[in-house]
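This briefing concerns the protein shown below. Its topics are a metal site, helix packing, a covered helix and several individual residues.

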Amino acid sequence: MKYAVSFWIATAALFALAACGAPPPPEDPPPPGAAAHQGAAFEITEVRPGIWHAVGTGAMNVGANAAIVDLGESLLLVDSHITPAAAWVLLEELSPLTPKPVRYVVNTHFHFDHIHGNQVFGDDVEILGHEATYDVVAGGGSNSGTAWDAFVGTLPEQIATLESRLEAAAEADRAEIADALARTRAYQEATASITPVPPTITLERRMTLHRGGHEIQLLFLGRGHTAGDVVTFLPEQRVLITGDLVPFGLPFMGDGYPEWGETIRGFAELDFDLVLPGHGQPFEDKAKLGYLAAYLDDFWAQAEAAHGEGVSAEEAANSIDLTAHGDHFPSVTAPGAPLIAVERAYRLFDARALTPEQ
Ligand SMILES: [Zn+2]
């Protein structure tokens, strides 16, 4: 009987809808694949009034940090994380802090861990990025290439390693390894739903937004971590949002350029007192920019010398000595440099040898 009454009400409602042509009530879109996680996925801190920094807690793989800037009526989001699932969860966890919608997304560069959430944003959201970022993403280079192969291409091996560690683990270690395995499997599942979306508006040197009584500058001062690193500068709040051009520690160098240090020194001239990096915690010490620029200059000079002397990339990765920078980068404890960075440098030097500058 109950079923019959429900059926009648539902049927009457359908007829009523058909009669007036009203659309069905809107529903929240379901989360993209593998958005499930335990506890908060982000620690979101309001670092200045109307500026938040979102750092992953480890509950799910979100990739890079994000920064959110209040534009008055709406929000600007810097970087959209590693998967549609991660971007979706960011919006979910941001909503109790501000009801305003995201209207602009900045892509700091083309790397997958910063931009593969772009697809969760609708047509009313503009995605801003450098022309070089557009070219790479539109050409399929965000889900292929050096960075993708190194981190995502190795997921099956990472999962297999965790599975064998779990099998061999003592009882006390099992929960931690099982958690890591679940997170890695969820991330692999989430990568299946990625459709890379390139920027909808591109810039070559700079773009300025005037919104909510503030000025938001998007700046490109030269190649560095990639060919199209865009930094977001908020002059009134004196905040610099750097992506991976200046992370908290040492950056991935597999897509870098020799002038990276020089580009960083250009940004160091700006008047800011807080850096929101693409990885790691916010920091106020501007001297860190100089330390990273010096490390990068040293790496590129030693890589160029080794290349010129005909030293193989493997040998150079062992012999390049960056320990002079150990005081500022505690992970540098012995001679050596990442092979992926040396191979990148060698590719650029080889290409330069083929097309000498006039
Ligand atoms: Zn990157």
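**Zinc site and overall picture**

His109 and His225 are both buried. They belong to the coordination site of a zinc ion, whose donors are His109 (NE2), His111 (ND1), His225 (NE2) and Asp244 (OD), at 2.2 Å. The model is predicted. The protein contains 11 helices and 12 strands, and buried residues make up 45% of its 358 residues. Of the contacts in the protein with a separation of 6 or more, 64% are between residues 24 or more positions apart.

**Geometry and sequence context of the zinc site**

- The 4 donor atoms of the zinc ion subtend angles of 87 to 169°, and the site is irregular.
- A tetrahedral assignment requires all angles to lie between 85 and 135 degrees, and the range at this zinc ion extends to 169°.
- Along the sequence, the donor residues follow the spacing H-x1-H-x113-H-x18-D.
- His109 is placed in the loop between strand E5 (102-106) and helix H3 (112-115), and His225 in the loop between strand E9 (214-219) and strand E10 (231-234), so this pair ties together parts that lie 116 residues apart in sequence.

**Packing of helices H8 and H9**

- Helix H8 (residues 260-268) and helix H9 (residues 287-308) have axes that come within 8 Å and cross at roughly 165°.
- Angles over 145 degrees count as roughly antiparallel, and H8 and H9 are therefore roughly antiparallel to each other.
- The crossing in which H8 passes H9 is left-handed.
- On the H8 side, the contact is made by Trp260, Gly261, Glu262, Ile264, Arg265 and Ala268.
- H9 contributes Leu289, Leu292, Ala293, Ala294, Leu296 and Asp297 to this contact.

**Surroundings of helix H2**

- Helix H2 (residues 84-94) is mostly covered, with 8 of its 11 residues buried.
- The buried residues of H2 are Pro84, Ala85, Ala86, Ala87, Val89, Leu90, Glu93 and Leu94.
- These buried residues pack against four strands and a helix, namely strand E1 (42-48), strand E2 (51-56), strand E3 (66-70), strand E4 (75-78) and helix H7 (171-191).

**Residues with positive phi**

- Asp79 is not a glycine, yet has a positive phi of about 75°.
- Asp79 sits in the loop between E4 and H2, and counts as buried because its relative accessibility is 1%.
- Arg238, likewise a residue other than glycine, has a positive phi near 60°.
- Arg238 is located in the loop between E10 and strand E11 (239-243), and its relative accessibility of 31% is why Arg238 counts as partly exposed.

**Two further positions**

- His214 lies in strand E9 and, at 29% relative accessibility, counts as partly exposed.
- With neighbours within four places in sequence left aside, the contacts of His214 are Asp70, Leu209, Glu236 and Gln237.
- His214 and Pro235 are 21 residues apart along the chain, and their C-alpha atoms are separated by 8.6 Å.
- Asp327 is found in the loop between helix H10 (313-319) and helix H11 (339-354), and counts as exposed because its relative accessibility is 74%.
- From C-alpha to C-alpha, Asp327 and Tyr291 are 9.6 Å apart in space, with a sequence separation of 36 residues.

Technical notes:
Residues are numbered from 1 along each chain as its sequence is written. This is a predicted model: local features need pLDDT of at least 70, side-chain atom pairs count only at pLDDT 80 or more; totals for chains, interfaces and linings use all residues. Side-chain values use heavy atoms; hydrogens and water are left out. Donors are N, O and S atoms within 2.8 Å of the metal (3.2 Å for Na, K and Ca); water is not among the atoms, so sites may look incomplete. Four donors count as tetrahedral if all angles lie between 85 and 135 degrees; four count as square planar and six as octahedral if opposite donors are over 155 degrees apart and all others between 65 and 115; anything else is irregular. Helices (H or I, at least four residues) and strands (E, at least two) are DSSP runs, numbered from the N terminus. Buried means under 20% relative accessible area, exposed over 50%, partly exposed in between (1.4 Å probe, protein chains only). Axes are lines fitted to C-alpha atoms, for helices over the stretch in contact, and angles run from 0 to 180 degrees between N-to-C directions. Angles under 35 degrees count as roughly parallel, over 145 as roughly antiparallel, 65 to 115 as roughly perpendicular and the rest as oblique. A crossing is left-handed if the near helix is turned anticlockwise from the far one by less than a right angle, and right-handed if clockwise. Contact means heavy atoms within 4.5 Å.
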